[in-house]
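Here are some notes for your reading of this entry. Please keep the structure open as you go through the points.

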Protein chains: 2
Amino acid sequence: MRRFLINQAKGLVDHSRRHHHKSPSFLSLVPPQSRPLASPAPASLVSLSRFFSSTSEMSASDSTSSLPVTLDSINPKVLKCEYAVRGEIVNIAQKLQEDLKANKDAYPFDEIIYCNIGNPQSLGQLPIRFFREVLALCDHASLLDESETHGLFSIDSIDRAWKILDQIPGRATGAYSHSQGIKGLRDVIAAGIEARDGFPADPNDIFLTDGASPAVHMMMQLLLSSEKDGILCPIPQYPLYSASIALHGGSLVPYYLDEATGWGLEISDLKKQLEEARSKGIAVRALVVINPGNPTGQVLAEENQRDIVNFCKQEGLVLLADEVYQENVYVPDKKFHSFKKVARSLGYGEKDISLVSFQSVSKGYYGECGKRGGYMEVTGFTSDVREQIYKMASVNLCSNISGQILASLVMSPPKPGDDSYDSYMAERDGILSSMAKRAKTLEDALNSLEGVTCNRAEGAMYLFPRISLPQKAIEAAEAEKTAPDAFYCKRLLNATGVVVVPGSGFGQVPGTWHFRCTILPQEDKIPAIVNRLTEFHKSFMDEFRN
Amino acid sequence: MRRFLINQAKGLVDHSRRHHHKSPSFLSLVPPQSRPLASPAPASLVSLSRFFSSTSEMSASDSTSSLPVTLDSINPKVLKCEYAVRGEIVNIAQKLQEDLKANKDAYPFDEIIYCNIGNPQSLGQLPIRFFREVLALCDHASLLDESETHGLFSIDSIDRAWKILDQIPGRATGAYSHSQGIKGLRDVIAAGIEARDGFPADPNDIFLTDGASPAVHMMMQLLLSSEKDGILCPIPQYPLYSASIALHGGSLVPYYLDEATGWGLEISDLKKQLEEARSKGIAVRALVVINPGNPTGQVLAEENQRDIVNFCKQEGLVLLADEVYQENVYVPDKKFHSFKKVARSLGYGEKDISLVSFQSVSKGYYGECGKRGGYMEVTGFTSDVREQIYKMASVNLCSNISGQILASLVMSPPKPGDDSYDSYMAERDGILSSMAKRAKTLEDALNSLEGVTCNRAEGAMYLFPRISLPQKAIEAAEAEKTAPDAFYCKRLLNATGVVVVPGSGFGQVPGTWHFRCTILPQEDKIPAIVNRLTEFHKSFMDEFRN
């Protein structure tokens with residue numbers, strides 16, 4: 001297998017990408033026959049590897065070099081790992097951006113708009129002022145002794161900074177904390193979870209992490225010993241899951257979300273995929289659910305969540321609940337319910353179900369991606385296994401303290417009566433209602449395009465439209481040894497400067513094509529984006545119409 | 001092997017620790033016969049596992065539980081991983097600290113002094129003001145528009161904050177950055193490396209990380225595919241290396257540092273251990289060197305570094321240079337030289353030697369552990385392998401921006417003429433000269449104890465005294481199924497409140513016993529620590545004298 005992977009990587013490096021291979025970390029899977037989505041087009045389902053190269057000017061190893069490390073000698077799991085949201089198209093975009101500076105007139109657009117990743121502040125979203133005031137005061141605590149500070153900061157940010165400093169031993173924001181994070185901050189987070197769910201939360205169950213990604217890695221590292229260990233993941237999925245499963249040497253066991261029912265999750269499909277994996281000797285350890293969905297934007301109904309919890313309970317699976325978009329719900333008929341709340345409502349306690357919930361400061365209305373804050377709430381593990389998780393956290397000592405502070409702030413924002421409350425609420429509601437508006441505008445625009453259907457973004461930060469590509473476009477893509485949706489996305493980038501990620505980076509039903517587009521460009525840019533997209537799509541379809 | 005590990009872990013959980021087992025991720029090794037350090041006492045060399053349990057009140061899995069994850073089903077590499085600096089003794093200390101609050105009079109001390117980990121600000125060291133001013137301004141950039149700010153911040157911190165914000169696209173400190181870190185900050189770091197070494201540094205070789213630990217993990221993950229891949233590590237070593245090698249499934253190939261020559265590193269021993277490993281079918285991928293040394297405090301002579309570079313070149317090994325203590329040198333006859341400078345001075349360029357240098361904001365005179373900033377400089381890798389490293393960095397998106405900013409500041413502090421320069425230099429020199437003084441006081445105190453010898457702390461933040469334990473103490477430790485040095489350290493903790501880490505957590509020549517003690521308690525605490533330590537040691541020796 002190592003040889004296969006090296007050839008695969010070398011192929012990528014040489015830009016002669018293979019088209020039909022299947023990543024060996026994925027179980028082969030047959031899409032549910034009940035769904036009329038499959039087409040005779042080449043199947044590149046879950047074949048993410050074509051996107052993993054990161055620059056287009058790589059060259060293969062110099063064979064005369066005496067350097068000791070080669071693609072042949074590195075860990076093949078690294079070769080196998082793929083990460084589309086920072087993949088090939090983003091690299092092309094970065095080069096275009098550089099070139100734009102020098103050759104302004106050579107392009108039909110004057111800026112690159114990064115819709116490839118949920119990174120709100122990179123597109124002009126401003127941070128929540130209260131959060132940043134508290135962070136600045138904690139970073140430079142001697143400000144708290146200065147009289148001028150009262151003119152510069154809100155009363156409650158000063159109060160909060162004092163409270164936080166009092167929770168840190170010696171007020172030392174520059175010290176390593178407890179491996180799980182500062183206890184006083186975990187108390188605040190646990191109280192926030194209790195207030196959200198109406199069920200108790202234990203600060204000792206909270207592990208603060210540098211964003212949600214390291215938490216996901218930690219759980220994968222714990223649960224996966226070999227390819228005989230599997231994780232049930234949605235298709236489409238956020239590629240952090242496929243990447244971390246590959247890096248830790250396990251098998252991704254896919255289950256399909258049903259586009260026809262708004263990316264619904266059917267227990268019968270879960271069950272079928274689980275049994276198929278088991279019949280191949282895979283011990284399935286856990287089920288990943290992303291709610292609200294990424295890249296698919298759906299918000300699960302509570303009834304559906306109950307079925308998922310019961311399924312995990314019956315099948316002895318750890319439920320890994322990616323709940324980082326819990327604040328991002330845009331439609332009045334849907335509401336976020338944490339899986340922990342659902343499990344507790346069903347009467348399942350600590351001894352009944354193993355559940356890990358991931359949360360991040362990068363998403364929500366705050367969008368503080370650069371702060372790398374987040375946590376996981378780990379419930380339903382025996383104390384000896386919990387000790388192993390603690391040990392893994394200890395090896396990296398602790399997550400960054402600013403991120404820890406911010407995680408406590410997002411779980412305990414200003415309350416009515418606080419000095420900052422009104423301005424905070426205005427900022428928050430402004431961001432969330434604008435996101436909802438942008439989602440709707442983009443969704444309508446996409447749905448108006450020939451051959452494009454787009455489910456509504458009920459939550460999260462993305463649209464994941466399906467595009468019916470003309471056969472001639474598919475053939476042109478094949479001639480370029482690229483996936484048809486990647487072909488479309490590259491054309492889109494070159495024509496408009498808009499960066500989106502091909503559906504093949506997330507997985508999709510064979511023969512269907514999608515792309516993921518964030519809803520994050522600021523409102524004043526949306527009309528221009530819609531125009532450019534519409535114009536591009538029309539000319540693309542005209543060029544390749546059958 | 002999995003069964004062995006589980007039993008091992010269960011044994012630990014039950015507090016019936018095995019004494020003589022050898023961790024299977026370590027090659028068995030014979031200490032150099034030329035060294036007169038071995039004794040007939042039980043060999044617990046590199047047997048770190050006794051320290052990996054993290055609380056003393058763990059209970060084994062409830063066998064009636066229906067929870068799916070058990071020690072039998074988790075990744076055995078996780079079970080194998082050990083991390084002494086946050087191990088058992090620290091957990092006992094944390095419990096003592098809790099109990100002290102309630103039962104002040106029950107103990108012969110009134111506080112716990114954590115000398116187990118290089119965490120300066122937890123023991124009262126203040127952050128460098130300039131660094132914190134810049135961080136606060138970057139966190140809450142609207143301060144820069146307020147007139148009051150000029151009364152609160154130095155002119156150069158305001159200038160620097162502007163410069164940094166200008167280097168961040170859209171001035172968005174809340175956005176994910178480039179996967180390697182913000183390009184403008186990498187430029188600053190590369191310029192700092194150039195100024196330090198007198199040789200060029202390329203910002204594209206810099207990977208900014210959340211402290212040095214994730215960088216070490218990344219390299220281990222790249223280089224290790226199985227137990228057939230080995231990494232040469234010093235013994236004693238910092239347990240991040242043994243832990244990350246275990247987690248990534250490789251083999252630690254140990255080489256001894258020679259206590260008799262001030263923890264010198266002999267090429268002949270390196271060569272011998274390399275050949276022994278190769279004869280067992282281990283492909284040795286890399287050599288780890290920690291300079292200044294942790295836990296051993298030595299600063300390598302340039303001549304020795306040249307030999308090491310030549311050895312790596314000849315043997316085709318990646319040189320992993322842990323240089324996080326590069327600012328911590330306390331003796332006039334030693335100077336820090338980066339391995340990159342040494343390699344370039346020898347005429348080795350990019351195509352000749354693969355070298356990774358790790359740096360962190362947690363150490364030096366700044367000690368900003370909680371900020372989790374750091375970088376690795378990756379040189380001498382082919383472009384295709386480099387792309388794989390880039391991909392690994394991408395999967396976690398980026399390191400935290402405050403840590404990135406701080407990494408640029410420590411590599412480019414205030415310069416003569418800058419508004420902050422004088423106060424900055426006073427803070428810096430005050431911290432470093434105080435550390436040197438504390439190191440010398442503690443070293444002298446330790447050397448005055450019966451049966452204790454302690455090499456000088458030329459650099460880093462630690463002393464690593466050797467203790468000749470009476471046979472009766474060794475027998476008492478065996479009766480408690482604990483390593484003799486751990487027995488000593490627990491007694492020390494219970495008698496004095498001082499937390500140190502047993503040598504067995506770092507590895508040592510069989511039959512020798514050590515502990516690691518940081519030099520970080522503030523100066524006014526040192527006399528009391530010396531008194532308590534001296535008194536304790538005397539009574540310990542009296543109790544167990546043969």
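1. Which residue takes a positive phi in the hairpin of strand 4 of chain A and strand 5 of chain A? G262(A) does, with a phi near 70 degrees. Five residues lie between the two strands of this hairpin. Bear in mind throughout that this is a predicted model.

2. The pairing in that hairpin is antiparallel: strand 4 of chain A and strand 5 (residues 264–265) of chain A are joined by two bridges. Opposite D258(A) stands G264(A) of strand 5 of chain A.

3. On its pairing with strand 3 (residues 229–235) of chain A, strand 4 of chain A is parallel, with six bridges. P254(A) in strand 4 of chain A stands opposite C233(A). The connection between these strands runs through helix 9 (residues 239–247) of chain A, as a right-handed β-α-β crossover.

4. Strand 4 (residues 251–258) of chain A is largely enclosed by the rest of the structure, because eight of its eight residues are buried. Cover is present on both faces. One side carries S251(A), V253(A), Y255(A) and L257(A). The other carries L252(A), P254(A), Y256(A) and D258(A).

5. Turn to chain B and strand 7 (residues 318–322). Five of its five residues are buried, and the strand is mostly covered. V318(B), L320(B) and D322(B) point one way, L319(B) and A321(B) the other, and all are buried.

6. Strand 7 of chain B has parallel pairings with two strands. With strand 6 (residues 283–290) of chain B there are five bridges, and I290(B) has D322(B) as its bridge partner. The chain passes from strand 6 of chain B to strand 7 of chain B by way of helix 11 (residues 302–315) of chain B, in a right-handed β-α-β crossover. With strand 8 (residues 355–360) of chain B there are four bridges, again parallel. Here F358(B) is the residue opposite D322(B). A right-handed β-α-β unit is formed by strand 7, helix 12 (residues 339–345) and strand 8 of chain B.

7. Look next at helix 14 (residues 401–410) of chain B. Why is this helix largely enclosed by the rest of the structure? The reason is that 10 of its 10 residues are buried. Among them are I401(B), Q404(B), L406(B) and V410(B). The cover includes a piece of the partner chain, helix 14 (401–410) of chain A. From chain B itself it includes helix 4 (129–139), helix 6 (155–167), helix 7 (183–197), strand 2 (206–209) and strand 9 (374–379). At the start of the helix, a side-chain oxygen of N400(B) comes within 3.4 Å of the backbone nitrogen of S402(B).

8. How are the two chains related? A turn of 180 degrees with a shift of 0.0 Å along the axis lays chain A on chain B, at an RMSD of 0.0 Å. This is therefore the relation of a two-fold axis. The C-alpha of A136(A) is the one nearest the axis in chain A, at 2.1 Å. Both copies use the same surface, as 99% of the contact residues of chain A recur in chain B.

9. The interface draws 111 residues from chain A and 110 residues from chain B. About 8,700 Å² is buried between the chains, and carbon and sulfur atoms give 54% of that area. On the chain A side, R86(A), Y176(A) and V395(A) lose the most area to chain B, together 9% of what that side buries.

Notes:
Residues numbered from 1 in each chain as written. Chains lettered and ligands numbered in written order. Predicted model: local features only at pLDDT ≥ 70, side-chain atom pairs only at ≥ 80, totals over all residues. Heavy atoms only, no water. Buried < 20%, exposed > 50% of the residue type's maximum accessible area, 1.4 Å probe, protein only. Contact = heavy atoms within 4.5 Å. Polar contact = N/O pair within 3.5 Å; in protein donor to acceptor, adjacent residues only side chain to side chain. Pairing = 2+ DSSP bridges. Right-handed = clockwise from strand over helix to strand, strands pointing away. Least-squares fit on C-alpha atoms with pLDDT ≥ 70 in both. Buried area = accessible area lost by both parts, 1.4 Å probe.
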